[in-house]
Amino acid sequence: MAGKPQLSANDIQKGLAALGFEQLPQKSTSHTQWIHKSFRGKFRKVTVDAHHEPFSNDLVSSMYAQAGLTKREFYAMCSKGGIKAAKRDPIKWLKSLAGK
């Protein structure tokens, strides 16, 4: 992932939680599933497979597509500043990214 920071499962999970995704109860697996009942007008379910860290481009692409985010939004969401801004007001934060 040239030019992009490595993402940890923890950063991704914090970012999803900040956007209002909820973690489903975990079964006996390293996969965590996060749902949002109406993110951008659709039901969304994101699978984060923690034991595949650092994540490949294909896995990151799959996660941001599942979340209904662009690559840019996904990486911004996983940053410390993005997590804080999304916790305060997720809609305003997404709109600010769209304007850039």
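This note goes through the sheet, the core and a few individual residues of a predicted model.

1. The sheet. The model has an open sheet of three strands in the order β1-β2-β3, and the pairing is antiparallel. β1 and β3 stand at the edges with a single partner strand each, so one side of each has no neighbour in the sheet. Strand β1 covers residues 22–23 and strand β2 residues 31–39, and these two pair over two bridges. The pairing of β2 with β3 runs over seven bridges.

2. Register of the strands. For checking the alignment by eye, a few bridge partners are useful. Q23 has W34 in β2 as its bridge partner. W34 also stands opposite V46 in β3. Further along, H36 stands opposite R44 in β3. As a general point, side chains in a regular strand alternate between the two faces of the sheet.

3. The hairpin and R40. The hairpin of β2 and β3 has two residues between the strands, and R40 takes a positive phi there, near 55°. R40 is not a glycine. The general background is that most residues other than glycine have a negative phi, and most peptide bonds are trans. This backbone angle deserves a look in the viewer, in the loop between β2 and β3.

4. The salt bridge. How many salt bridges does the structure hold? The count is one. The side chains of R40 and E73 form a salt bridge, with an N to O distance of 2.8 Å. The pair links distant parts of the chain, since R40 is in the loop between β2 and β3 while E73 is in helix α3, 33 residues apart. The two ends also differ in exposure: R40 is partly exposed, with a relative accessible area of 43%, whereas E73 counts as buried at 7%.

5. The cis peptide. The peptide bond from E53 to P54 is cis, with omega near -10°. P54 is placed in the loop between β3 and α2.

6. D49, a buried acid. D49 lies in strand β3, which spans residues 42–49. D49 is buried but has no salt bridge, and K45, the nearest side chain of opposite charge, is 14 Å away. What does the side chain of D49 meet in polar contacts? One partner is the side chain of S30, at 3.3 Å. Another is the side chain of H31, at 3.2 Å. Leaving out residues up to four places away in sequence, D49 touches S30, H31 and F55.

7. The nonpolar core. The largest nonpolar core has 27 residues, and those with the most contacts inside it are I12, L16, L19, V48, L69 and F74. At least two residues of this core come from each of α1, β2, β3, α2, α3, α4 and α5. In soluble globular proteins in general, nonpolar side chains tend to be buried together. L19 shows how far such contacts reach along the chain: beyond its neighbours within four places in sequence, L19 is in contact with H36, F39, L69, M77, A86, P90, W93 and L94.

8. Helix α3. Which residues of helix α3 (residues 71–78) are buried? They are E73, F74, Y75, M77 and C78. The cover over these buried residues includes α1 (9–18), α2 (57–67), α4 (80–88) and α5 (90–98). Two of the buried residues appear in other points of this note: E73 is the acid of the salt bridge with R40, and F74 is among the residues with the most contacts inside the largest nonpolar core.

9. Helix α1: D11 and Q13. D11 lies in helix α1 and counts as partly exposed, at 25% relative accessibility. Apart from neighbours within four places in sequence, D11 is in contact with C78 and I83. D11 and M77 are 66 residues apart in sequence, yet their C-alpha atoms are 8.6 Å apart. Q13 lies in helix α1 too. Is Q13 buried or exposed? Q13 is buried, because its relative accessible area is 17% and the cut-off for buried is under 20%. Not counting residues up to four places away in sequence, Q13 touches T32, W34 and V48.

Notes. Residues numbered from 1 in each chain as written. Predicted model: local features only at pLDDT ≥ 70, side-chain atom pairs only at ≥ 80, totals over all residues. Heavy atoms only, no water. Helix = DSSP H or I, 4+ residues; strand = E, 2+ residues; numbered from the N terminus. Buried < 20%, exposed > 50% of the residue type's maximum accessible area, 1.4 Å probe, protein only. Lys, Arg positive; Asp, Glu negative; His and termini not counted. Salt bridge = Lys/Arg side-chain N within 4 Å of Asp/Glu carboxyl O. Polar contact = N/O pair within 3.5 Å; in protein donor to acceptor, adjacent residues only side chain to side chain. Contact = heavy atoms within 4.5 Å. Pairing = 2+ DSSP bridges. Core = buried A, V, L, I, M, F, W, Y, C linked by side-chain atoms within 4.5 Å.
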